[in-house]
Amino acid sequence: MITQILAGMRDVDGVHGSFVVTKSGLLAGKDLPPMFDDAVLNEVGRRVVRLHDGLCAEGDDFDHCVMRFADHKLYLRSVPNGFLCVLSTNAVNTPALKMALTLTSRRVDPLIVDAAAAMSAGSPAGGPRTSDVPPPPSGAPSRRQATYRGHRV
Amino acid sequence: MPLPADRNAVDDDGFRVSLEGATLPDFVQMECLAQSNRIFRITSGHRIGYLFFNKGQMIHALSGDHVGEPAALEILKWRDGSVEPCNVGWPDAPTIHSTWQNLLLLSAQARDESGRHKLVSFPGNRSASATASGTLRSDPTPLVKREEPAMSAPPSSQSQSLSLAQFQAFVRLDPAGNIVSAKGDAEELAPVAAYAARLAELIGNMLGMEGFSSMECSFPKDRVFLHRERSGNLVALKVPADADVGALRERFGV
């Protein structure tokens, strides 16, 4: 499901693909060529979290972050349940990308926690430990975070 | 934009001010915020330039070799001299279309780039010749960035201070993490910048993206820019969220 949503990001010229990680850095979904394996993206996710924690040491959460490299850019959009990360060329149409990021992050955010749990359960070797995602207490309702317009409620 | 061609006469009302320690960016800011419609002659050593203000914007500039924005940026580099209102002809049309905030930002960047290899040092003796009306002279501040004098530069330009009033914080770190120059709350910004740049490089390497060059991070109240210079130095800037950062983005490529 997340992969299908992320695929929409590639409608924007210059976007190579995207992936989503939770607030603890676990991979929750990706739409990238196969050379980006889950183990690498999990490690990237953990570093994204550390980057976020470093930049947000004063308390304010960042809205987005753009890193420019020699030939590529990496966009990070912070959403309540994780980070949406987009790889693009340097010549990407930035306004179009921002719009796509906004729309995609709204749709992806409610799915992140469950998707990460599913991915970690399905990839014991390269993926995260299942203990990283606490199971819901027996008899309790789903712990999916309720959000309204991208904000926790 | 209609220009005040019929307002060549200098208004004699008001105070005559001798302001020491001001810089040209300070002066530009003052004129623009005052919505003035005036022309000023800027003299610095042997150099003369003109700045034209109309309705709170700098709309035209002239210097020895340049017209418009290049002239404005050249004049804004001058550190010592005098400013006086004058009567010269208004241009037929504005030659500067950037906002004055943008111009000051570009000027600060240019000055910063030109002095990036310079060291922070204590202020030395300074000439005390500022007596004329509207004389500007850079005063020593606790953190003063001194330009090494060019062989051909006039003595008056030998001492220069870093004026980056538009940034909440600024810091330049060498590859070893030592602070080369700084302004504002650099002690807090420096470690954040160094760590973020390192993580960005690691993230890029893992994703097959070499050559980290810059980063922009947007917060509710401010933005942080990082830029890895060719020398390996890292520049970090913090600006208010509502600041016009188009020039910064263009320069850093983010």
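## Exercises on a sheet shared by two chains

Of the 254 residues in chain B of this predicted model, 37% count as buried. Let's work from that chain outwards to its partner.

**Exercise 1.** Describe the secondary structure of chain B and how its contacts are spread along the sequence.

*Solution.* Begin with the elements: chain B has five helices and ten strands. Next, take the contacts between residues at least 6 apart in sequence; 60% of these join residues at least 24 apart.

**Exercise 2.** Work out which parts of chain B touch chain A, and what kinds of residue they offer.

*Solution.* Step one is to count: 26 residues of chain B are in contact with 24 residues of chain A. Step two is to find the elements that give two or more residues to this side of chain B, and these are α4 (186-206) and β8 (214-218) of chain B. Of the elements, α4(B) gives the most, with nine residues. Step three is to sort the residues on this side of chain B: 17 are nonpolar, six polar and three charged.

**Exercise 3.** Trace the strand pairing from β8(B) into chain A.

*Solution.* Start at the crossing point. There β8(B) runs antiparallel to strand β3 (residues 64-68) of chain A, and five bridges join the two. As a landmark, look for B:C217, the bridge partner of A:C65. Now step further into chain A: β3(A) pairs with strand β4 (residues 72-79) of chain A, again over five bridges and in the antiparallel sense. Here A:V66 has A:Y75 as its bridge partner.

**Exercise 4.** Write down the full strand order of the sheet, then name its edges.

*Solution.* The open sheet has ten strands, in the order β2(A)-β1(A)-β5(A)-β4(A)-β3(A)-β8(B)-β9(B)-β10(B)-β6(B)-β7(B), with antiparallel pairing. Its edge strands, each pairing on one side only, are β2 (27-31) of chain A and β7 (179-184) of chain B. For the twist, ignore direction: neighbouring strands are turned by 10° against each other on average.

**Exercise 5.** Place helices α2(A) and α4(B) on this sheet.

*Solution.* Take helix α2 (residues 38-55) of chain A to begin with. This helix packs on the sheet and touches strands of both chains, including β1 (15-22) and β5 (82-89) of chain A and β9 (222-228) of chain B. The direction of α2(A) makes about 115° with that of β2(A). Then turn to α4(B), which also packs on the sheet. Among the strands that α4(B) touches are β3 and β4 of chain A, together with β6 (169-173) and β10 (234-240) of chain B. The direction of α4(B) makes about 60° with that of β6(B).

Key. Residues numbered from 1 in each chain as written. Chains lettered and ligands numbered in written order. Predicted model: local features only at pLDDT ≥ 70, side-chain atom pairs only at ≥ 80, totals over all residues. Helix = DSSP H or I, 4+ residues; strand = E, 2+ residues; numbered from the N terminus. Buried ≥ 20, exposed ≤ 12 C-beta atoms within 10 Å, placed from the backbone. Contact = placed C-beta atoms within 7 Å. Nonpolar A, V, L, I, M, F, W, Y, C, P; charged D, E, K, R; others polar. Pairing = 2+ DSSP bridges. Axes fitted to C-alpha atoms, helices over the stretch in contact; angles between N-to-C directions.
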